[in-house]
Amino acid sequence: QSLDLSGNRIGQQAMGFFIESMKANSTLYKVSLASNFPTAGAPISKDQHESLLAILFENVLLKVQRNEGPACLDLSGCRLTDTHVQRLSYKLRDNKTIERLDLDGNDQLTGEACDRISNVLGPKGGNAALCFVLLPVKSAKRERLD
């Protein structure tokens, strides 16, 4: 449920069409847009990146809520905020499919966000399936996260 669009010279106009089509898609949760330098027209805008991120994150939440998530949910480098993690941790409480969660590369996450994820782990937190969480080094506390 990921799509690699890197190196396709996608610009603002094409990304506008892609974002509109994504509104009807609930299966994709990761799209790579690396090295997209259009030969004509403007490059993908920051607003378009943020719109796509919002759509993809809603897809992630839907998968987690429905217990349809993959065994390994890779959200590394997705520019997630503490608000994203708060919403995700709430949905993870009842999820039984995700065993590994990768949040590395989301350096703007605070220790509080990492605490939210750690509070979900284990029988006390409600999620006994999730056994491995990779957190951004900058955000993770130096103490135990259980």
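## Contacts and the overall layout

Two residues are in contact here when heavy atoms lie within 4.5 Å. The model is predicted. By that contact rule, Val64 is in contact with Leu73, Leu88, Lys91, Leu92, Asn95 and Ile98, leaving aside neighbours within four places in sequence.

The protein has 5 helices and 5 strands. From the N terminus on, the elements run β-α-β-α-β-α-β-α-α-β. Buried residues make up 38% of the 146 residues. Take the contacts with a separation of 6 or more: residues 24 or more positions apart account for 86% of them.

## The sheet

Strands β3, β4 and β5 form an open sheet, in the order β3-β4-β5. The pairing is parallel. The edge strands are β3 (72-74) and β5 (132-134), and each pairs on one side only. From one strand to the next, the twist averages 5°.

Strand β4 covers residues 100-102. Its link to β3 consists of 3 bridges, and the two strands run parallel. Within this pairing, Leu73 stands opposite Leu101 in β4.

## Helix α1

Helix α1 spans residues 12-22. Its buried residues include Met15, Phe18, Ile19 and Met22. These sit on the same side of α1, because they cover an arc of only 100° around the axis. Gln13 and Phe17 are on the other side of α1, and they are exposed.

What covers the buried residues of α1? The cover includes β1 (2-4), β2 (30-32) and α2 (46-65).

## Helix α2

Helix α2 has 20 residues. At 1.5 Å a residue they should span 28 Å, and the end C-alpha atoms are 29 Å apart, so the two values agree. After α2 comes Asn67, with a positive phi near 60°.

Many names appear on the buried list of this helix, among them Gln48, Leu52, Leu53, Ile55, Leu56 and Phe57. Asn59, Val60, Leu61, Lys63 and Val64 are also buried. The buried residues of α2 pack against α1, β2, β3 and α3 (82-92).

## Two buried positions in α2

Asn59 lies in helix α2. Is this polar-named position buried or exposed? Asn59 is buried, with a relative accessible area of 5%. Not counting residues up to four places away in sequence, Asn59 touches Met22, Asn25, Ser26, Thr27 and Leu28. Met22 is also one of the buried residues of α1.

Val64 lies in α2 as well. Its relative accessible area is 2%, so Val64 counts as buried; the cut-off is under 20%. Among its contacts is Leu73, the residue that stands opposite Leu101 in β4. Leu88 and Leu92 are further contacts of Val64, and both are buried in α3. Asn95, another contact, is 31 residues from Val64 in sequence and 6.1 Å away in space, C-alpha to C-alpha.

## Helix α3

In α3, the buried residues are His84, Val85, Leu88, Ser89 and Leu92. Seen down the axis, they fall within an arc of 125°, so they line one face of the helix. The face turned away from this buried side carries the exposed residues Thr83 and Tyr90.

Which elements do the buried residues of α3 pack against? They pack against α2, β4 and α4.

## Ala113 in helix α4

Ala113 is found in helix α4 (residues 111-118). At 2% relative accessibility, Ala113 counts as buried. Leaving aside neighbours within four places in sequence, Ala113 is in contact with Asp82 and Val85. Val85 is itself buried in α3.

Ala113 and Leu135 are 22 residues apart in sequence. In space they are 9.8 Å apart, C-alpha to C-alpha.

## Cysteines

How many disulfides are there? The count comes to 0 disulfides, on the rule that a pair of cysteine sulfur atoms must lie within 2.5 Å. A disulfide is a covalent bond between the sulfur atoms of two cysteines.

Cys72 is partly exposed, at 36% relative accessibility. Cys114 is buried, with a relative accessible area of 1%.

Note on methods. Residues are numbered from 1 along each chain as its sequence is written. This is a predicted model: local features need pLDDT of at least 70, side-chain atom pairs count only at pLDDT 80 or more; totals for chains, interfaces and linings use all residues. Side-chain values use heavy atoms; hydrogens and water are left out. Buried means under 20% relative accessible area, exposed over 50%, partly exposed in between (1.4 Å probe, protein chains only). Two strands pair if DSSP finds at least two bridges between them. Helices (H or I, at least four residues) and strands (E, at least two) are DSSP runs, numbered from the N terminus. Axes are lines fitted to C-alpha atoms, for helices over the stretch in contact, and angles run from 0 to 180 degrees between N-to-C directions. The arc is that of the directions from the helix axis to the C-beta atoms. The expected span of a helix is 1.5 Å times one less than its number of residues.
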